[in-house]
Amino acid sequence: MRLLSLSAMGTALIGAGLVAPAVGEATAGGANGVKTTPSVARPGQRVDLTVPGCSVGRTRHWAASKAFVNDVTLGGKADSGHGTATVKRDMASGTYDIVAHCDGRKISGRLKISTKRSWPSLVPTGLNRPEVTLGK
């Protein structure tokens, strides 16, 4: 019975972890600014950018950030610009500005970088397994 209870509790914790974002690590970008997916990234991870009002124009549209390996060229889809950036592998945890350049306008946003795991350990580290003695 105890094993069944632990299994049910573990399943519930895993399900909650998949639904809930990492604690204390909120979204990036404002309603009219550069949006990132995911909103909290890890060093070395690829991040999709969406920039409202920055579709294809007369000049190259691009976004830059101290957190990105390279500047990102934005392609147009409907009335938004889209691109993919790679976060530098040596970035420290923190929030980094993103600036998109669209036909002379600058649109800003922010990206949160986290080097922490987004899941807490499911099993406490101090939990000791009971010793099993056979034949007694």
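**Exercise 1. Confidence and overall content**

What is the mean pLDDT of the protein chain, and what share of its residues reach 70 or more? Then describe the secondary structure and the surface of the chain.

*Solution.*
Step 1. The model is predicted. Its protein chain has a mean pLDDT of 76, and 62% of the residues reach 70 or more.
Step 2. Over residues 13-30 the pLDDT is below 50, and this stretch has 23 contacts in the model beyond near neighbours in sequence. Where pLDDT is low, predicted coordinates should not be read in detail.
Step 3. One helix and nine strands make up the secondary structure of the chain. Read from the N terminus, the order of elements is α-β-β-β-β-β-β-β-β-β.
Step 4. The chain has 136 residues, of which 27% are buried. Its accessible surface comes to about 9,500 Å², with 56% belonging to carbon and sulfur atoms.
Step 5. Among contacts with a separation of 6 or more, 56% are between residues 24 or more positions apart.

**Exercise 2. The open sheet**

Determine the strand order of the five-stranded open sheet, and trace its pairings from β5 to β9.

*Solution.*
Step 1. The order is β2-β9-β8-β4-β5, and the pairing is mixed.
Step 2. Strands β2 (40-41) and β5 (72-73) are the edges, each pairing on one side only.
Step 3. Begin at β5. Two bridges connect this strand to β4 (residues 62-65) in an antiparallel arrangement. Here Trp-62 has Thr-73 of β5 as its bridge partner.
Step 4. Continue to β8. The pairing of β4 with β8 is antiparallel and comprises four bridges. Ala-63 stands opposite Ala-100 in this pairing.
Step 5. Proceed to β9. Nine bridges link β8 and β9, again with the strands antiparallel. Ala-100, already placed opposite Ala-63, also stands opposite Ile-107 in β9.

**Exercise 3. The β8-β9 hairpin and its salt bridge**

Which residue takes a positive phi in the hairpin of β8 and β9, and which residue forms a salt bridge with Asp-97?

*Solution.*
Step 1. The hairpin has two residues between its strands. Asp-103 is located in this loop and has a positive phi of about 50° although it is not a glycine.
Step 2. Asp-103 has a relative accessibility of 30% and therefore counts as partly exposed, as this value falls between the cut-offs of 20% and 50%.
Step 3. Asp-97 forms a salt bridge with Arg-110, their closest N and O atoms being 3.2 Å apart. That separation is within the 4 Å cut-off. The structure holds one salt bridge.
Step 4. Because Asp-97 belongs to β8 and Arg-110 to β9, the pair ties together parts 13 residues apart in sequence. Arg-110 is partly exposed, at a relative accessible area of 45%.

**Exercise 4. The nonpolar core and His-101**

Which strand gives the largest share of the largest nonpolar core? Is His-101 buried or exposed?

*Solution.*
Step 1. The largest nonpolar core has 21 residues; Leu-49, Val-51, Phe-68, Ala-100, Leu-111 and Ile-113 touch the most other members.
Step 2. Two or more core residues come from each of β3 (46-52), β8 and β9 (105-113). The largest share, four residues, is that of β8.
Step 3. His-101 is also found in β8, which covers residues 94-102. With a relative accessible area of 19%, His-101 is buried, since the cut-off is under 20%.
Step 4. Leaving aside residues up to four places away in sequence, His-101 touches Cys-54, Arg-60, His-61, Trp-62 and Lys-106. One of these, Trp-62, is the bridge partner of Thr-73 in β5.

**Exercise 5. Loops on either side of β2**

Where does Pro-38 lie, and where is the place of Arg-42?

*Solution.*
Step 1. Pro-38 lies in the loop between β1 (35-37) and β2. The peptide bond that joins Thr-37 to Pro-38 is cis, with omega about 0°.
Step 2. Arg-42 is in the loop between β2 and β3. At 40% relative accessibility, Arg-42 counts as partly exposed.
Step 3. Arg-42 and Arg-89 are 47 residues apart along the chain, and their C-alpha atoms are separated by 8.3 Å.

Notes
Residues numbered from 1 in each chain as written. Predicted model: local features only at pLDDT ≥ 70, side-chain atom pairs only at ≥ 80, totals over all residues. Heavy atoms only, no water. Buried < 20%, exposed > 50% of the residue type's maximum accessible area, 1.4 Å probe, protein only. Contact = heavy atoms within 4.5 Å. pLDDT = per-residue confidence, 0-100. Pairing = 2+ DSSP bridges. Core = buried A, V, L, I, M, F, W, Y, C linked by side-chain atoms within 4.5 Å. Areas by Shrake-Rupley, 256 points an atom, 1.4 Å probe, with all protein chains shown as cover. Salt bridge = Lys/Arg side-chain N within 4 Å of Asp/Glu carboxyl O.
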